[in-house]
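This report walks through one protein model, element by element. Please look over the sequence and the structure first.

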Amino acid sequence: WKPSSMRLRLHQQLWIAATALTVGGPYHGQPADIVRARPAVMGDARALDEPCVDGRRVEPLDASPQGTEMQDGAFSLVMISLFRLAFGRAIGWQSPLCWSNGAQSYEGLVEIARHLYHETPSSDARQQRVAALFEAFPRQPQLLGENRISCETLAVLTTMLFPFLVGQCQSEAWERADGEVWRSKVVIERCRFLEASSCKGMCIGLCKEPTERYFASIGLPVSLTPNTTAGSCEMVWGRYPQEDDMAGADLGCFRTCSLVASRTPSF
């Protein structure tokens, strides 16, 4: 492979990663992959798939401190626009909100995600709706794998490239079960998507689960553990999701969630 060709392949895989971080991708792996990516949830599985099923309302996240709002520069505006175009094309609908203002354009992206979540209430259906986004990208050669270098690289890239999507974040070290210490954990201080959507169902159904499934299918384990009370999240590259990751999480709908009144639980 020539260096330029290798760089092109890497950029293609990073774009796939970028898209998957928001709504996930199609699953082409083996059944064992999906089991490892998303173990059986203890108790009522619907509580994780559909956080709104019990009808409870809880107070929304506290307002962000003044002066800490996300400032979208040129890179952020371009990335938000690309995501809006890609996702709007995938679901056949586009938000009419302004594209040139960062906050309004991001709200347009959230509106598309809200439209997708409302119109496709099952997890499998959501996966199918966005699957076309990934069909054009090659899966070989696989440049990133389940190893320390790849996972630590992905953590650095996440902190550099994705604040426009999830807000400020930083990489930290964590200890694996085998005792090795990897600096592949990304701590999202206050998730921009969760705050803007004010919906725990969208957080889990359009971000956590699809992302974990997609990366497991290409041999890159990652776990996302949102704290829906504080609005933070831990994204750990190289770690498989565990059964108790969401144990004790309050999955009652935010009182400000615009979807809770219109969604009907599916049994």
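Just after helix 4, G92 takes a positive phi of about 75°. The model shown here is a predicted one, and G92 is a convenient place to start reading it.

**Helices 4 and 5**

Helix 4 covers residues 74-91, which makes 18 residues. From its first C-alpha to its last, helix 4 reaches 26 Å, close to the 26 Å expected at 1.5 Å a residue. Its buried residues are S76, M79, I80, S81, F83, R84, A86, F87, G88 and I91. A general point helps in reading such a list: an α-helix has 3.6 residues a turn, so residues three or four places apart point the same way.

Helix 5 covers residues 102-119 and also has 18 residues. Its reach, first C-alpha to last, is 26 Å, again close to the expected 26 Å. In helix 5 the buried residues are G102, S105, Y106, G108, L109, V110, I112, A113, R114, L116 and Y117. The N-terminal end of helix 5 is capped by N101. A side-chain oxygen of N101 lies 3.1 Å from the backbone nitrogen of A103.

W99 is found in the loop between helix 4 and helix 5. Is W99 buried, partly exposed or exposed? Its relative accessible area is 32%, and because buried means under 20% and exposed over 50%, W99 counts as partly exposed. Leaving aside neighbours within four places in sequence, W99 is in contact with L77, S81, R84, L85, Q94 and S105. Of these contacts, S81 and R84 are among the buried residues of helix 4, while S105 is among the buried residues of helix 5. W99 and R84 are 15 residues apart in sequence, and their C-alpha atoms are 9.3 Å apart in space.

**Four residues and their accessibility**

The table sets out the place and relative accessibility of four further residues.

| Residue | Place | Relative accessibility | Class |
|---|---|---|---|
| S150 | helix 7 | 6% | buried |
| S198 | loop between helix 9 and helix 10 | 12% | buried |
| N227 | strand 4 | 34% | partly exposed |
| T229 | loop between strand 4 and strand 5 | 60% | exposed |

S150 sits in helix 7, which runs over residues 148-161. Not counting residues up to four places away in sequence, S150 touches L143, L144 and G145.

S198 has a phi near 50°, a positive value in a residue other than glycine.

N227 belongs to strand 4. A polar atom of the N227 side chain lies 2.9 Å from the backbone nitrogen of A230. Which residues does N227 contact, leaving aside its neighbours within four places in sequence? They are S232 and C233. N227 and A249 are 22 residues apart in sequence, with C-alpha atoms 7.2 Å apart.

T229 lies in the loop that follows, between strand 4 and strand 5. With residues up to four places away in sequence not counted, T229 touches L61 and D250. The C-alpha atoms of T229 and P60 are separated by 8.3 Å, although the two residues are 169 residues apart along the chain.

**Cavities**

How many cavities of 30 Å³ or more does the structure hold? There are 6 of them, and the largest has a volume of about 160 Å³. Of the 17 residues that line this largest cavity, V166, I188, C207, L224 and C233 are the closest to its centre. C233 is also one of the contacts of N227.

Several elements give two or more residues to the lining of the largest cavity: helix 8 (163-166), helix 9 (192-197), helix 10 (200-217), strand 4 (222-227) and strand 5 (232-237). By class, that lining has 14 nonpolar, 2 polar and 1 charged residues.

**The protein as a whole**

The protein has 10 helices and 6 strands. Of its 267 residues, 48% count as buried. Among contacts in the protein with a separation of 6 or more, 69% come from residues 24 or more positions apart.

Terms used. Residues numbered from 1 in each chain as written. Predicted model: local features only at pLDDT ≥ 70, side-chain atom pairs only at ≥ 80, totals over all residues. Heavy atoms only, no water. 1 Å grid on protein atoms, 1.4 Å probe; cavity = no way out; pocket = protein on both sides within 12 Å on 5 of 7 lines; lining within 4 Å. Points joined across faces, edges and corners; volume = space filled by probe spheres on them. Helix = DSSP H or I, 4+ residues; strand = E, 2+ residues; numbered from the N terminus. Nonpolar A, V, L, I, M, F, W, Y, C, P; charged D, E, K, R; others polar. Expected span 1.5 Å × (residues − 1). Buried < 20%, exposed > 50% of the residue type's maximum accessible area, 1.4 Å probe, protein only. Polar contact = N/O pair within 3.5 Å; in protein donor to acceptor, adjacent residues only side chain to side chain. Contact = heavy atoms within 4.5 Å.
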